[in-house]
Number of protein chains: 2
Amino acid sequence: MKVLIVEDDPLHRSYLHEAVNAALPECDTVIEAENGTVGEKLARDHKSAHIVMDLQMASRNGIEAARTIWKERPETRILFWSNYSDEAYVRGVSRIVPDGAAYGYVLKSASDERLKLALRSIFIESQCVIDREVRGLQQKSLGQTNGFTDSEYEILVDIALGLTDRAIAKRRGLSLRSVQNRLQQLYDKLDVYQTAGDDHEDGRFNLRARAVTVAFLRKLLNYSALERAEAELQEWLDGK
Amino acid sequence: MKVLIVEDDPLHRSYLHEAVNAALPECDTVIEAENGTVGEKLARDHKSAHIVMDLQMASRNGIEAARTIWKERPETRILFWSNYSDEAYVRGVSRIVPDGAAYGYVLKSASDERLKLALRSIFIESQCVIDREVRGLQQKSLGQTNGFTDSEYEILVDIALGLTDRAIAKRRGLSLRSVQNRLQQLYDKLDVYQTAGDDHEDGRFNLRARAVTVAFLRKLLNYSALERAEAELQEWLDGK
DNA sequence: CAACAAGCTGCGGGTTTACGCAAGACGGCG
DNA sequence: CGCCGTCTTGCGTAAACCCGCAGCTTGTTG
């Protein structure tokens, strides 16, 4: 059995290496990659079926890498090991995991025990292991209660990218008015409004910009999500 | 000699601990804090004059902590040890360092040697040590060439927060038109424009939102900067 | 099948933005 | 002092945005 580790930070990498050795005596080879690009390549070359992957990496982040890896070999088992449980990451991951694939999401703050357990569960037992904290987000986001639907999230990303209503309409195949409707829903859910309640104009917000900021502060968006969205946008722009 | 380490990640923390021991034999006590809040407290209690500090921490980030520490004891020597060299961090740090204080900024990707050297230079020789990569940013940002002036940066933050032109005018004591002027400067420098060059409307951007995104992608802004700005805004709003 | 909720769309109008034009205000310099 | 560049401000306009009102198309349910 071989395990591939994809992780930026040398300290974390060697920690993972040890953890894998300790948790999986049946593992005879451990390979290391220090960023997503190398990770993809090694996964391909070695046909790795067991991967531990960091999410936040400089060169090519974990979500991107995982997507292409899963595209080529959907039965690959991947354990995401991340510092954060931003909703943006969670959403990003659950959008790319293939049906029935075994995967895991464990926070770096988890104990050694927890990590080892997750390693065994996923790689040996083919079970999904999702950190409790992450799980909470996932359900809130999928169950519509208080969560954001895909269309709401989509339009959030679009205004975050700085598109006009018209451009969004064209991109998503909607009318102008529909775009604005969705925006309204979004503002509503994010609880942004003009603060115009007072007698004279006071601390007014530009709803569009404010929505993006609030989403950021709530970790609904983060750098990595923006980066991906921007790449998709460019792709779309090129394809006219 | 005492050294205080303020760092989120247990692995990095113990690595730092060792590095300090190795680099500074004259150091007899090493104290550790796992977030900014605790860091501030320990700095106060121990009157620490030598601190190594991570920037990105969950509870209270390094910049906030450093600011209050320096406010109470400006001669404190602080070495910032960070994963990133985002312009937002660099700008944030250089805005709070007191005149003539010895401080340092070293990236986590630097070699052991470099880190040890920086520790000695700052704590023993009272010299500033700024990572070359960071240095580059700093100069570009302070020297006006291609960099952003304070007023440009300020208005960038304001629209990122989602304020309207009017609100910005009030907050900064300017006329509406002046705010819009500065916005124009900003758009210019960020190189955002309507893409209206074509015959019919195509990939139009909402300049205001686009500017924020571009700034994010260029690391001119990041989560921590937003968080701080938001806190300041709330403060201002409360003070009417 | 009728009834209903949810989403799409057009119309219309009040606000906010983006930005050209031009008239002061201020500081440095020969 | 007079010239000049930078910054501020007002006026005015076209476009974009926010959003209420109302007619339509759907999928769902009793």
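Here are three worked exercises on a predicted model in which chains A and B meet each other and DNA strand C.

**Exercise 1. Work out which residues and elements make up the surface near DNA strand C.**

Step 1: Start with the residues. There are 18 around DNA strand C, and Ser175(A), Ser178(A), Asn181(A), Arg182(A) and Arg177(B) come nearest.

Step 2: Move on to the helices. From chain A, α9 (176-190) supplies at least two residues, and from chain B so do α8 (165-172), α9 (176-190) and α10 (207-217). The top contributor is α9(B), with 5 residues.

Step 3: Sort by class. You get 7 charged, 7 polar and 4 nonpolar residues on this surface.

**Exercise 2. Find which parts of DNA strand C the protein approaches, and pick out side chains that reach a phosphate or a base.**

Step 1: Take the strand's atoms that lie within 4 Å of the protein. Sugar or phosphate accounts for 67% of them, and bases for the rest.

Step 2: Look at the phosphates. Ser178(A) puts a polar side-chain atom 2.7 Å from a phosphate oxygen. Over on chain B, an N or O atom in the side chain of Arg166(B) sits 2.8 Å from a phosphate oxygen.

Step 3: Now try the bases. Here Arg177(B) is the one to click on: an N or O atom of its side chain is 2.7 Å from a base oxygen.

Step 4: Put the pairs against the cut-off. A polar contact needs N or O atoms within 3.5 Å, and the distances for Ser178(A), Arg166(B) and Arg177(B) pass that test.

**Exercise 3. Describe the interface of chain B and chain A: its area, its polar links and the make-up of the chain B side.**

Step 1: Get the size. Interface size is often quoted as the accessible area lost when the parts come together. For this pair that is about 3000 Å², with 60% of it on carbon and sulfur atoms. Within chain B, Leu11(B), Leu217(B) and Tyr223(B) lose the most area to chain A, together 17% of what that side buries.

Step 2: Count the residues. Chain A puts 34 into the contact and chain B puts in 34.

Step 3: Go through the polar links. The rule picks up 12 residue pairs in polar contact across the interface, and the salt bridge count is 2. One of the salt bridges joins Glu230(A) to Arg210(B), with the closest N and O atoms 2.9 Å apart.

Step 4: Finish with the chain B side. Two or more residues each come from α1 (10-23), α7 (150-161), α8, α10 and α11 (223-238), and α11(B) gives the most, 7 residues. By class, this side has 16 nonpolar, 10 charged and 8 polar residues.

Notes
Residues numbered from 1 in each chain as written. Chains lettered and ligands numbered in written order. Predicted model: local features only at pLDDT ≥ 70, side-chain atom pairs only at ≥ 80, totals over all residues. Heavy atoms only, no water. Near = heavy atom within 4 Å. Polar contact = N/O pair within 3.5 Å; in protein donor to acceptor, adjacent residues only side chain to side chain. Helix = DSSP H or I, 4+ residues; strand = E, 2+ residues; numbered from the N terminus. Nonpolar A, V, L, I, M, F, W, Y, C, P; charged D, E, K, R; others polar. Contact = heavy atoms within 4.5 Å. Buried area = accessible area lost by both parts, 1.4 Å probe. Salt bridge = Lys/Arg side-chain N within 4 Å of Asp/Glu carboxyl O.
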